[in-house]
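Good morning, and thank you for the opportunity to speak. I would ask you to keep the structure in view while I go through it region by region.

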Amino acid sequence: MRAVVVHGPGDVRVDERARPVPGAGEVLLALEWGGICGSDIAYWKKGASGTAALAHPLVLGHEFAGRVAALGNGVTGLREGQPVTVHPAQLVGDGVLPERIAGRTNLYPRVRYFGSAAFDPHTDGGFSEYRAVPATQIRPLPDGVGTEQGALAEPLAVALHAVGRTPELRGRTVLVNGCGPIGSLVVAAARYRGAGRVVAADLASSSLAVARAMGADETRDLSAGEGLPEDVDVVFEASGAPAALGPVLRATARGGTLVQVGNLPGTAVAAALGDLVTREITWIGSYRFVEEIDEALLALRDGLDVTPLITHRFPLERAEEALAVAADPGSGSSKVMLRLAADMPGTPEAAAASASASASASTVL
């Protein structure tokens, strides 16, 4: 089978690997779609994502979906051909957490995540034609949810977790600063959770267009000199840019809530934080998700449309080009998808991917 493997900084290849055989308690998936995330780009460009550095080649990808190809011994409740996605996290050890964070498994200190070099040996991801996955991590797709949508259940779960870190959103005004894929999904998740008004801000007009399509009532183009709104009840900072912290804190209402969704650097940075104190702002972190992937699938079933997020589709053999487009701020990309299956006849996704891949070199939809 073919797999997208990063061997070091700037070195990604489509390698031939042996097709896996599912062990006891495992499911073999024939994968169809994968979504490129910032961590995939970081491994490709720098050979590391955060503190996780490559020691060996790694199959990329933690956003993916496909169909059940075979069941290992002891697996019940699934059938061959069934469309599924995957919860990419698996706890290492006994899974016991202190009482203060009971149930918040995203905060467990030792987690194997698909497509991660945090452990040695690394945990290969799902940018491949087949992948054996523990049955406990399989999530069946609801009727009407295709595998391309299913591949986006993981980032949608991140967004749903973020909006769940706040007080009740219903009827409240929300600002989302930074409208990359996660920020735009936060827009959709806030709308899904009943926010009264959603304002989205970014430096790129293409990102703001996606945010509008995902449900933003108003957008602010920061590159054109438009400022952030004032006195916003709940603010989601999704850019991860330290320079944004001062303006975002100033935009948050006195006594309001700021949720940090974008990853901030692990090194010292300069940031204007005075308003955190003088405005008595509650600043909350948000990291991955717990089981919100199940809610994400229900939201997709109930009509939450993630397709405006998808700007590019590439076949697996053009993975390096896909990563380059996803990493290029000037490409106008939001979510870049990889078609992992060589052939998916008879599906709407296959028709869209075929048309996209043959339309132009950039496969812009």
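The axes of H3 and H8 come within 8 Å and cross at roughly 110 degrees. An angle from 65 to 115 degrees counts as roughly perpendicular, and H3 is therefore roughly perpendicular to H8. Please bear in mind throughout that this is a predicted model.

Which residues bring the two helices together? On the H3 side they are Ala153, Glu154, Leu156, Ala157, Leu160 and His161, and these meet Glu292, Ile293, Glu295, Ala296, Leu297 and Leu300 in H8. Sorted by class, the contact of H3 with H8 holds eight nonpolar residues, one polar residue and three charged residues.

Let us stay with H3 for a moment. How many of its 12 residues are buried? The count is 11, so that H3 is mostly covered. Among the buried residues are Pro155, Val158, Ala159, Ala162 and Val163. We may also check the length of H3. At 1.5 Å a residue, its 12 residues should span 16 Å, and the end C-alpha atoms are indeed 16 Å apart, which agrees.

I turn now to the interior. The largest nonpolar core has 53 residues, and those with the most contacts inside it are Leu156, Val174, Val187 and Phe236. Several elements each supply at least two residues of this core, including helix H3 (153-164), strand E13 (173-177), helix H4 (181-192), strand E16 (232-237) and helix H8 (292-301). The largest share, eight residues, comes from H3.

Val187 shows what such a position looks like in detail. Leaving aside its neighbours within four places in sequence, Val187 is in contact with Val176, Val198, Ala200, Ala211, Met214, Gly215 and Ala216. There is also a second, separate core of 33 residues, which includes Ile36, Ile41, Ala52 and Val68.

Ile41 leads us to another pair of helices. The axes of helix H1 (residues 38-46) and helix H9 (residues 319-327) come within 10 Å and cross at roughly 110 degrees. H1 and H9 are therefore roughly perpendicular to each other. From H1, the contact is made by Asp40, Ile41, Trp44 and Lys45; from H9, by Glu320, Leu323, Ala324, Ala326 and Ala327. By class, the residues of the contact of H1 with H9 are six nonpolar, no polar and three charged.

Next, the loops. Leu228 lies in the loop between strand E15 (218-221) and E16. Apart from its neighbours within four places in sequence, Leu228 is in contact with Leu175, Asn177, Ala201, Arg220, Leu222, Pro247, Val248 and Ala251.

Three loop positions deserve attention for their backbone geometry. In the loop between E10 and strand E11 (130-134) we find Pro121. A cis peptide bond joins Asp120 and Pro121, with omega at about 5 degrees.

The second position is Glu280, in the loop between helix H7 (274-278) and strand E18 (282-285). Glu280 has a positive phi of about 45 degrees although it is not a glycine. Is Glu280 buried or exposed? With a relative accessible area of 62%, Glu280 is exposed, since the cut-off is over 50%.

The third position is Arg288, in the loop between E18 and H8. Its phi is near 50 degrees, again a positive value in a residue other than glycine. Arg288 has a relative accessible area of 27% and is therefore partly exposed.

Key. Residues numbered from 1 in each chain as written. Predicted model: local features only at pLDDT ≥ 70, side-chain atom pairs only at ≥ 80, totals over all residues. Heavy atoms only, no water. Core = buried A, V, L, I, M, F, W, Y, C linked by side-chain atoms within 4.5 Å. Buried < 20%, exposed > 50% of the residue type's maximum accessible area, 1.4 Å probe, protein only. Helix = DSSP H or I, 4+ residues; strand = E, 2+ residues; numbered from the N terminus. Contact = heavy atoms within 4.5 Å. Axes fitted to C-alpha atoms, helices over the stretch in contact; angles between N-to-C directions. Parallel < 35°, antiparallel > 145°, perpendicular 65-115°, else oblique. Nonpolar A, V, L, I, M, F, W, Y, C, P; charged D, E, K, R; others polar. Expected span 1.5 Å × (residues − 1).
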